[in-house]
Amino acid sequence: MSWTGNVLRVDLSAGTCITEATNMEWAHDYMGQRGLATKYLVEETDPKVDPLSPDNKMIFATGPLTSTIAPTSGRWSVVCKGPLTGAIACSNSGGFFGAELKNAGWDMVIFEGKSDSPVYLDITNDQAELKDASDLWGKSVWETETTLRDRRGDPDVRVASIGLAGENAVLYAAIVNDLDRAAGRSGVGAVMGSKHLKAVVVRGTVGVKVADPMALMKSSNAAKEILAEHAVTGTGLPTHGTQVLMNIINEVGALPTRNCQDVQFDGAHDISAEAMAEVRESDGQANLVSNHACFGCPISCARRSKIDPTHFTVKDKPEYQHVSGGLEYEAAWALGAANGVNDLEALTYANFVCNEQGLDPISLGSTIGAAIDLYDSGAITQEDTGGLALEFGNTESFVAMVEATARGEGFGKEIGQGSKRLCEKYGRPELSMTVKSQEFPAYDPRGIQGMGLTYATSNRGACHLRSYTVSSEVLGLPEKTDPHVTEGKAGLVKAFQDLTAGVDSSGTCIFTTFALSGDDIAPMVDASCEGDWSVERFVEVGERIWNMERQYNIAAGFTGADDTLPERLLKDAAKTGPAKGHVNRLDEMLPEYYELRGWDTSGVPTAETLSRLGL
């Protein structure tokens with residue numbers, strides 16, 4: 001129960017859509033979404049496959065709790081081999097698309113091969129058909145979704161699509177659904193573009209059945225009460241969104257600034273949640289219009305914003321003078337502090353462009369920051385940038401680079417390959433702030449030690465959403481740990497990673513874990529699914545998934561040498577703030593982490609560990 005039992009296999013080369021039964025043995029071992037889709041990918045693809053070749057499969061997956069009454073049950077994931085990293089990629093999104101796909105009766109959609117010409121997949125319940133998308137190729141996400149909604153004539157359809165970034169193989173292109181929700185990291189949009197798949201449009205009216213409806217109602221209501229009463233999920237995130245963190249992280253001295261040259265940004269307040277709510281003198285309105293929620297979400301952390309119509313970025317562009325997805329913390333940091341830019345309206349505009357054309361703002365902003373660092377060092381010149389003088393804090397040149405990358409023009413093509421390739425090309429690889437080729441997010445590991453280990457060991461490349469130790473080290477949840485010490489951080493990271501893998505596979509949002517523990521989430525899975533889903537089993541499934549992903553990466557060519565951080569974070573001490581004088585001490589944490597994981601000293605899972613987990 002709760003699993004639909006149906007997988008849609010779409011052969012883009014042959015133009016066929018075939019229904020097959022979900023492998024329920026795998027479902028019981030890997031739960032759903034991230035875990036189950038990764039199991040399919042591992043079994044069906046060569047880990048050494050070229051990510052942008054037809055042989056790389058791409059899987060849209062829901063979880064057993066997706067589209068149920070469980071809180072935050074709108075999550076879905078895209079799993080494939082990532083072109084930015086060459087590692088396993090699983091990118092998670094919210095909105096309403098995932099719930100609609102599950103309501104149509106599908107656990108997963110597996111895309112394989114490559115179409116000769118642009119197509120989109122049209123799904124209504126158990127009916128699926130590939131249709132010509134030639135007229136949509138070259139259009140933005142916004143245009144594509146509007147066109148497909150009008151074409152279907154049904155206001156309740158949901159759309160996931162790529163923009164120009166995915167078509168042009170920007171290596172961190174996103175898949176965007178519901179106009180501003182995104183499977184944003186690792187380049188899943190580029191994989192979609194490589195297959196000539198422009199969009200998926202879905203309408204579902206089948207619904208979802210669960211094993212014990214009354215038990216699910218009871219456990220879900222209990223979880224919702226905890227979420228409502230908690231300071232973060234009941235007040236902080238609804239009021240300020242993730243942007244509540246901007247001033248907090250800056251104050252603790254862990255806000256990566258100007259490509260990690262600094263750990264504090266003097267313009268942080270100007271691009272914070274508080275600034276978004278301030279009324280502008282120009283038009284008497286605030287940047288922030290409202291918050292909004294994904295399917296089944298009582299938290300409502302997403303933002304709706306409107307740019308100052310007199311601002312230089314939009315005053316001659318009416319298509320951007322509307323209300324759309326506003327800045328979240330990671331985007332505000334990457335587009336702002338990482339580049340020394342404190343112009344809130346310009347950052348909102350850049351975020352709109354990311355939504356419109358399908359770009360990951362974290363990798364985009366960080367790569368632009370690396371380009372400015374290259375320019376400062378003399379590694380690149382105006383001849384390389386097409387006449388653009390790059391400097392930290394220059395809003396005009398920053399906006400120009402965002403636009404060029406979105407269009408795939410000039411130096412924007414270089415930016416679109418990510419900072420690792422960019423910095424290697426110009427002879428300064430140390431200026432790329434990446435792990436496994438993926439740009440890391442908005443927490444400097446010199447100020448938050450656990451995040452250094454988190455980035456270094458993340459299976460999809462640097463990522464905060466695989467182990468958010470900030471919750472403990474800064475926010476004190478579920479208990480406070482000192483961000484400047486390394487003791488205990490190996491166990492903390494492992495615990496977060498295993499729990500997160502379980503949550504990502506359930507179909508619910510990781511933000512619930514600010515307030516909920518496995519003891520709160522496992523009962524909802526148990527009520528929805530057949531079998532005994534204790535909290536111990538829930539966490540063990542997460543551990544199994546983590547080790548399976550690790551095995552895939554090892555087979556793809558990764559080694560323990562890739563579990564590291566940029567030299568700047570290991571050797572250049574923080575200059576200001578509470579972490580002044582600190583570097584990240586990864587070498588103190590990594591050996592203990594390997595031991596706790598049951599891996600050998602080179603980071604390979606032992607035979608005993610694999611046997612225990614059934615791998």
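These legends accompany close-up views of a predicted model.

**View 1. Helices α2 and α20 cross at an angle of about 85°.**
Here we look at the packing of α2, residues 33-44, against α20, residues 489-506. Their axes lie 5 Å apart. Angles of 65 to 115 degrees count as roughly perpendicular, and α2 and α20 are therefore roughly perpendicular to each other. On the α2 side, the contact is made by Q33, R34 and G35. Their counterparts on α20 are T500, A501, D504 and S505. Sorted by class, the residues of this contact are one nonpolar, four polar and two charged.

**View 2. Six strands make up an open sheet with mixed pairing.**
Following the sheet across, you will meet the strands in the order β8-β7-β12-β9-β10-β11. At the edges stand β8 (127-132) and β11 (181-183), and each of them pairs on one side only. Neighbouring strands of the sheet are turned against each other by 20° on average, with direction ignored.

**View 3. Strand β7 has a parallel partner in β12 and an antiparallel partner in β8.**
This view stays with the six-stranded sheet and picks out β7, residues 119-124. With β12 (residues 197-203), β7 pairs in the parallel sense over six bridges. One place to look is Y120, which stands opposite A199 in β12. With β8, the pairing of β7 is antiparallel and also runs over six bridges. Here T124 has Q127 of β8 as its bridge partner. The hairpin of β7 and β8 has two residues between the strands, and within this hairpin N125 takes a positive phi near 50°.

**View 4. Three strands form an open antiparallel sheet.**
The order in this sheet is β13-β14-β15. Its edges are β13 (288-292) and β15 (324-325). Each edge strand has a single partner strand, so one side of each is left without a neighbour in the sheet. Between β13 and β14 (residues 302-305), the antiparallel pairing spans four bridges. To find your bearings, look for S290, whose bridge partner in β14 is R304.

**View 5. The second largest pocket has a volume of about 430 Å³.**
In this close-up, 18 residues line the pocket. Nearest its centre lie P478, L499, L516, S517 and G518. Three elements give two or more residues to the lining: α20, α21 (518-528) and α22 (535-556). Helix α20, which we met in its packing with α2, gives the most to this lining, with five residues. By class, the lining of this second largest pocket holds 11 nonpolar, four polar and three charged residues.

**View 6. The largest cavity has a volume of about 50 Å³.**
Rolling a probe the size of a water molecule over the atoms is a way to show where empty space is left. The count here comes to one cavity of 30 Å³ or more. Around the largest cavity, the lining is made of P256, N259, C260, W333, A338, S366, G369, M433 and F440. Which classes of residue make up this lining? The lining of the largest cavity has six nonpolar and three polar residues, and no charged ones.

How values were computed
Residues numbered from 1 in each chain as written. Predicted model: local features only at pLDDT ≥ 70, side-chain atom pairs only at ≥ 80, totals over all residues. Heavy atoms only, no water. Axes fitted to C-alpha atoms, helices over the stretch in contact; angles between N-to-C directions. Parallel < 35°, antiparallel > 145°, perpendicular 65-115°, else oblique. Contact = heavy atoms within 4.5 Å. Nonpolar A, V, L, I, M, F, W, Y, C, P; charged D, E, K, R; others polar. Pairing = 2+ DSSP bridges. 1 Å grid on protein atoms, 1.4 Å probe; cavity = no way out; pocket = protein on both sides within 12 Å on 5 of 7 lines; lining within 4 Å. Points joined across faces, edges and corners; volume = space filled by probe spheres on them.
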